[in-house]
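Biologist: I am new to this protein and should like to go through its side chains with you. May I put my questions in turn?

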Amino acid sequence: MDVMAEAMQWGSGVPIAGTPFRVVVPAAATGGHAVCITVDMPSGVHVDAHEHADEDQLNIVISGRVGTRVGDREAILEAGGVQLMPRGVPHELWNAGDDVARVIEIYTPPGMEERFAIGGQRAIADGLVHAQRDHYHSA
């Protein structure tokens, strides 16, 4: 594979319309093994419990406070905190602070970015700035 490694700064990458996500390392750059996205998670956001059948999710908190629940284990992550959300295990996450939380999400294999894009398009069609949970999960 002939992929040029590119340094990325926060806020760069390709925005996923209708969502707070940006793709910073596309699946093609990893030979289809993973995708890396970033998100500015607003205060008060709570992603309800769900599970992925096919993808493992790795969250890395850059700034802010993020609450997580994986199975029956709950944690609060701050800058530098890392949480694995394995496929097939119910999980949820939320902004546990008063400020925007910056989070890197890595999915392996890729595919969630496509679901986010579909959800974002549904949100835009509904006249919303960002997709809500039902936009993503009915994708």
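Biologist: Is Phe21 buried or exposed, and what is its relative accessible area?

Modeller: Please note at the outset that this is a predicted model. Residues under 20% relative accessible area are classed as buried. Phe21 falls in that class, because its relative accessible area is 9%.

Biologist: With which residue does Phe21 form a stacked aromatic pair?

Modeller: The whole structure holds 2 aromatic pairs. In the stacked pair that includes Phe21, the ring centres are 4.1 Å apart and the planes meet at 10°. Phe21 belongs to strand 2 (residues 21–25) and its partner to helix 1, so the pair ties together parts 95 residues apart in sequence. That partner is Phe116.

Biologist: Which residue forms an edge-to-face aromatic pair with Phe116?

Modeller: Phe116 is itself buried, with a relative accessible area of 6%. In its edge-to-face pair the centres lie 6.1 Å apart, with 70° between the planes. Ring pairs link Phe21, Phe116 and this further residue into a cluster. The residue is Tyr107.

Biologist: Which side chain makes a polar contact with the side chain of Tyr107, and at what distance?

Modeller: Tyr107 is buried, as is Phe116. The residue in question lies in strand 10 (residues 101–108). It touches Phe21 and Phe116, among others. The contact with Tyr107 is made by Glu105, at 2.5 Å.

Biologist: Why does Glu105 count as buried?

Modeller: The class of buried residues ends at 20% relative accessible area. Glu105 counts as buried because its relative accessibility is 5%.

Biologist: Which side chain of opposite charge is nearest to Glu105, and how far away is it?

Modeller: A salt bridge requires a nitrogen and an oxygen within 4 Å of each other. Glu105 has no salt bridge, although it is buried. The nearest side chain of opposite charge is that of Arg115, at 11 Å.

Biologist: With which residue does Arg115 form a salt bridge?

Modeller: The closest N and O atoms of this bridge are 2.4 Å apart. It links distant parts of the chain, since Arg115 is in helix 1 (residues 112–125) and the partner is in the loop between strand 4 (46–50) and strand 5, 60 residues apart. Arg115 is partly exposed at 28% relative accessible area, whereas the partner is buried at 3%. The partner is Glu55.

Biologist: Which residue in strand 5 is the bridge partner of Glu105?

Modeller: Strand 5 (residues 56–63) and strand 10 pair in the antiparallel sense over 7 bridges. Among the residues that Glu105 touches are Gln57, Leu58 and Asn59. Its bridge partner is Asn59.

Biologist: Which residue in strand 10 stands opposite Met41?

Modeller: Strand 3 (residues 35–41) pairs with strand 10 in the antiparallel sense, over 7 bridges. Glu105 touches Val35, Cys36, Ile37 and Val39, among others. The residue opposite Met41 is Ala101.

Biologist: How far apart are Glu105 and Gln83 in space, C-alpha to C-alpha?

Modeller: In sequence, these two residues are 22 residues apart. In space, their C-alpha distance is 9.7 Å.

Biologist: Which residue meets Arg65 in a salt bridge?

Modeller: A search of the whole structure finds 6 salt bridges. In this one, the N to O distance is 3.2 Å. Arg65 lies in the loop between strand 5 and strand 6 (66–70) and its partner in the loop between strand 7 (73–77) and strand 8 (82–85), so the pair ties together parts 13 residues apart in sequence. Arg65 is partly exposed at 35% relative accessibility, and its partner in the salt bridge is Glu78.

Biologist: Which residues are joined into one network by salt bridges that share partners?

Modeller: Glu92 and Arg69 meet in a salt bridge at 2.8 Å, N to O. Glu92 is in strand 9 (residues 91–95) and Arg69 in strand 6, 23 residues apart. Glu92 is buried at 12% relative accessible area, while Arg69 is partly exposed at 27%. The network consists of Arg69, Glu74 and Glu92.

Conventions. Residues are numbered from 1 along each chain as its sequence is written. This is a predicted model: local features need pLDDT of at least 70, side-chain atom pairs count only at pLDDT 80 or more; totals for chains, interfaces and linings use all residues. Side-chain values use heavy atoms; hydrogens and water are left out. Helices (H or I, at least four residues) and strands (E, at least two) are DSSP runs, numbered from the N terminus. Buried means under 20% relative accessible area, exposed over 50%, partly exposed in between (1.4 Å probe, protein chains only). Lys and Arg count as positive and Asp and Glu as negative; His and the chain ends are not counted. A polar contact is a pair of N or O atoms within 3.5 Å; within protein, one must be able to donate a hydrogen and the other to accept it, and residues adjacent in sequence count only if both atoms are side-chain atoms. Contact means heavy atoms within 4.5 Å. Two strands pair if DSSP finds at least two bridges between them. Rings of Phe, Tyr and Trp (its six-membered ring) pair if their centres lie within 6.5 Å; planes under 30 degrees apart count as stacked, over 60 as edge-to-face and the rest as tilted. Lists of a residue's contacts leave out its neighbours within four places in sequence.
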